[in-house]
Amino acid sequence: MVTKSNVEIKRDLPFDDYLSDPGTSQSMLQILRTGTPRHYYHSIQEDAKNSRTQTEAQAFGSLFHLLALTGEENVLKHYARVEGCSATTKQNKQCLNEAKYWVDKVPLCGRHLNGVPDNIEAVSEDKYLTAEAMVDSINNSNLPSKLLESALPEDREISIFFDHPRFGIQCKARIDALSFSTGAIIDIKTTSTTIGDDEQLSKDIYFRGYHIQAAWYLRAAKLAFPETEWKTYTLLFVEKTPPYISVLRPLDDEYLRLGEIEADSMVERLSICIHDDKYPGPPEIDTIKPLDWMVRKFEDDFNDPSV
């Protein structure tokens, strides 16, 4: 069993550099939550071959996080606010597609992309204004704004690289914000769930694996900064639609323990694959049966021999 962990802390590390590190992140690990080691291996091989691509939702989340954590001045070094694609169609009409690329300071959609995009992303004015309104919600709130402000600029988007203390595999974490003064690890999340419905938020936390992410980041923070007493892992939720309400939802000890158990189970599974250099897929044949709730739905008929 590994008892010591090599730890490296990097501030101001570009996200692409963080992604290129071979360590296992919590998001990579969670492939094993519903998939097999073969799915995991395929994913890391594809990531190594291809440049980073994001879904539309992920791209918006990246914009919002950067705006919330670093401010507009920094955001405009990476994004250009545009109305739409500046190209014209073969019929000599203005293209109506949303611009996604910035080429020689000209906004273009994917269809009209011509040349290599600049190191800056085009974002529609509507999306930028939505992200801005969400950040304003945090800034105009009471407790969420105070907690986020307690994390100094240099303590935001911290990258931590470490060896897992139990299983020895190389790991990494990129934490939104650390508040050393309050002992809080802060993770900003956008949500489509109406804030006020904590039962649904709890379901979202579980099914999206936020508790696993919490346990992963908590371990990284404790290894990187052992002199700090990390008291809470707090999710800062912001609605993606008006009125863009923002709230704090710290995870309790039971949720953190559940996340730790799930994370360690997947790490142990992965460490065996790495040791054996084998990444098996699912069984080629396996009898499938109804889930318990499906049987319960027709329980009376199941117990009635005349049916």
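Which side chains does a polar contact of 3.4 Å join? In this predicted model, the contact runs between the side chains of His 65 and Asp 176. The points below begin with the surroundings of that histidine, then turn to a helix, to the backbone of two loops, and to the cysteines.

**His 65 and its partners**
- His 65 lies in helix α5, which covers residues 56-70, and the polar contact of its side chain with that of Asp 176 has a computed length of 3.4 Å.
- When residues up to four places away in sequence are not counted, His 65 touches Asp 176 and Ile 188.
- With a relative accessible area of 19%, His 65 counts as buried, because the cut-off for that class is under 20%.

**Helix α10**
- Helix α10 is made up of 15 residues, from 210 to 224, and the distance from its first C-alpha to its last is 21 Å, which is close to the 21 Å expected at 1.5 Å a residue.
- Of the 15 residues in α10, 13 are buried, and the helix is therefore largely enclosed by the rest of the structure.
- In an α-helix there are 3.6 residues a turn, so residues three or four places apart point the same way.

**The loop between β9 and β10**
- Strands β9 (232-239) and β10 (246-250) are joined by a loop in which Pro 243 is found, and the peptide bond leading from Pro 242 to Pro 243 is cis, with an omega near 10 degrees.
- Tyr 244 is found in the loop between β9 and β10 as well, and although Tyr 244 is not a glycine, its phi is positive, at about 55 degrees.
- The relative accessible area of Tyr 244 is 16%, so this residue is classed as buried, the limit being under 20%.

**The loop between β1 and α1**
- Asp 12 sits in the loop that lies between β1 (7-10) and α1 (15-20), and its phi is near 60 degrees, which is a positive value in a residue other than glycine.
- Asp 12 has a relative accessibility of 73% and so counts as exposed, since the cut-off for that class is over 50%.

**Cysteines**
- Zero disulfides are found when the whole structure is searched.
- Cys 95 has a relative accessible area of 6% and is therefore buried.
- Cys 273 is likewise buried, with a relative accessible area of 6%.

Note on methods
Residues are numbered from 1 along each chain as its sequence is written. This is a predicted model: local features need pLDDT of at least 70, side-chain atom pairs count only at pLDDT 80 or more; totals for chains, interfaces and linings use all residues. Side-chain values use heavy atoms; hydrogens and water are left out. Helices (H or I, at least four residues) and strands (E, at least two) are DSSP runs, numbered from the N terminus. The expected span of a helix is 1.5 Å times one less than its number of residues. Buried means under 20% relative accessible area, exposed over 50%, partly exposed in between (1.4 Å probe, protein chains only). A disulfide is a pair of cysteine sulfur atoms within 2.5 Å. A polar contact is a pair of N or O atoms within 3.5 Å; within protein, one must be able to donate a hydrogen and the other to accept it, and residues adjacent in sequence count only if both atoms are side-chain atoms. Contact means heavy atoms within 4.5 Å.
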